[in-house]
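Thanks for sharing this one. Here are my notes, set out as numbered points so that you can follow them with the model open beside you.

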Amino acid sequence: MATTTSAAAHTALASVTLEVADPDAARRFYEAFGVDAYIRLRASEAHSTGFRGFTLALTVSGPATVDGFVAAAVDAGAAVLKPAAKSLWGYGGVVQAPDGTIWKIATSARKDTGPATREIDEVVLLLGVADVKATKQFYVGRGLTVAKSFGGKYAEFAPGQAGPVKLALYKRSALAKDLGVPADGTGSHHIVLGSTADGFTDPDGFVWEAAAPPAPTAS
C-alpha cells in the first residue's frame with residue numbers, strides 16, 4: 001500500500017477506550033488493578049461472546065510484581081485464564097476483567113532481583129489479525145513506524161508521544177492460543193482506538209476515532 005502525505009499519514013495511537021456495560025464498576029476494577037491511567041471507559045450495550053480479538057499486556061520488572069498485579073486483579077473480581085508460571089520467555093499469567101477484557105501480565109525475568117513493586121514498564125495493545133503482513137502494511141500506510149517484525153507472526157510499532165500504550169499485531173489464532181481461549185467470538189470488539197489524525201476502520205474491523213482532547217482539570 002502506498003504511503004501518502006495526507007493527514008492519514010500521521011496517525012499515532014493516542015488512547016485506548018474500552019466499551020463496557022457498566023463504566024462505574026469497570027472504573028472501580030481498573031483502579032484496584034492499577035491500570036486506570038492507561039485506558040478510558042465508555043458505556044456500550046453491544047453484545048459479544050468469546051474472544052474479542054485483542055488483549056492488553058503489561059510488562060513488569062519481575063515475577064513478584066507479576067504476582068502482585070494478578071492478585072490485585074483477582075481480588076477486584078477478575079478470573080484467571082492462565083495462572084502465573086515460568087516459561088521459556090520468562091514468567092507471566094493471564095486474567096480476564098469482569099467487563100470481558102483480557103489482560104496478560106508478564107516479565108522476561110525468571111527470578112526476582114528486588115522486591116515487588118506496582119510499577120508498569122510497558123503497556124502493549126495486541127490486536128489479533130487475520131494477516132499480520134497485510135495489516136502491518138495498512139498501518140505503515142497510515143504513518144506508523146515498524147519497530148519489530150517477525151514475518152507473518154508478529155509486528156510491533158514504535159510508540160508515539162500521544163499515548164502511553166504501544167500497538168502490536170499478532171495472528172488472531174496464535175494470540176487466542178497464547179491467552180488460553182478459543183479464537184472464535186462474536187459481536188463488538190469492545191475497543192475504540194484514539195487516532196491523532198482522522199478516524200478509520202482497519203482491515204480486521206478495529207475502529208479508530210479522532211482522539212478527543214483531554215478533559216479540562218478543575219481549578
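**Notes on the fold**

1. Let me begin at Ser-48, which sits in strand β3, residues 48–50. With a relative accessible area of 14%, Ser-48 is buried, because the cut-off for that label is under 20%. Its C-alpha atom is 7.2 Å from that of Gly-185, although 137 residues separate Ser-48 and Gly-185 along the chain. Please keep in mind throughout that this is a predicted model.

2. Now the overall picture. The chain holds four helices and 15 strands. It has 219 residues, and 44% of them are buried. Among contacts with a separation of 6 or more, 65% are between residues 24 or more positions apart.

3. How are the strands of the eight-stranded sheet ordered? The order is β5-β6-β7-β4-β8-β11-β10-β9, in an open sheet with mixed pairing. The edges are taken by β5 and β9 (146–150); each has a single partner strand, so one side of each lacks a neighbour in the sheet. On average, neighbouring strands here are turned by 20° against each other, direction ignored.

4. Strand β4 deserves a closer look. Five of its six residues are buried, so β4 is largely enclosed by the rest of the structure. With β8 it runs antiparallel, joined by six bridges, and Leu-58 has Val-123 of β8 as its bridge partner. With β7, β4 pairs in the parallel sense over four bridges; there, Leu-56 stands opposite Trp-103. As a reminder for reading these positions, side chains in a regular strand alternate between the two faces of the sheet.

5. Moving on along the sheet, β8 and β11 form a parallel pair with seven bridges. Leu-126 faces Ala-168 of β11 in this pairing. Helix α4 packs on the sheet, where it touches β4, β5, β6, β7, β8 and β11, and its direction makes about 105° with that of β11.

6. Which residues of α4 (residues 172–179) are buried? They are Leu-175, Ala-176 and Leu-179. These residues lie on the same side of α4, because they cover an arc of only 100° around the axis. Their cover includes β4 (54–59), β5 (79–87), β6 (90–96), β7 (102–107), β8 (122–129) and β11 (165–171). Just after the helix comes Gly-180, with a positive phi of about 80°.

7. Helix α2 (residues 63–75) also belongs with this sheet: it lies across β4, β5, β6 and β7, and runs at about 10° to β6. Its 13 residues reach 18 Å from the first C-alpha to the last, close to the 18 Å expected at 1.5 Å a residue. The buried residues of α2 are Pro-63, Thr-65, Val-66, Phe-69, Val-70, Ala-72 and Ala-73. What covers them includes α1 (23–33) as well as β4, β5, β6 and β7. After α2 comes Gly-77, and its phi is positive, near 120°.

8. Do take a look at the five-stranded sheet too. It is open, has mixed pairing, and follows the order β2-β1-β13-β15-β14. Its edge strands, β2 (40–43) and β14 (200–201), each pair on one side only. Strands β1 and β2 run parallel and are joined by four bridges. Helix α1 packs on this sheet and touches β1 and β2; the direction of α1 makes about 160° with that of β2.

9. My last point is Glu-19, in strand β1 (residues 13–20). Is Glu-19 buried or exposed? Its relative accessibility is 13%, so Glu-19 counts as buried. What does its side chain contact? The side chain of Glu-19 makes a polar contact with that of Arg-42, at 3.1 Å. Arg-42 is also the bridge partner of Glu-19 in β2, so it is worth viewing the strand pairing and the side-chain contact together.

Conventions:
Residues numbered from 1 in each chain as written. Predicted model: local features only at pLDDT ≥ 70, side-chain atom pairs only at ≥ 80, totals over all residues. Heavy atoms only, no water. Helix = DSSP H or I, 4+ residues; strand = E, 2+ residues; numbered from the N terminus. Buried < 20%, exposed > 50% of the residue type's maximum accessible area, 1.4 Å probe, protein only. Polar contact = N/O pair within 3.5 Å; in protein donor to acceptor, adjacent residues only side chain to side chain. Arc of directions from axis to C-beta. Contact = heavy atoms within 4.5 Å. Pairing = 2+ DSSP bridges. Axes fitted to C-alpha atoms, helices over the stretch in contact; angles between N-to-C directions. Expected span 1.5 Å × (residues − 1).
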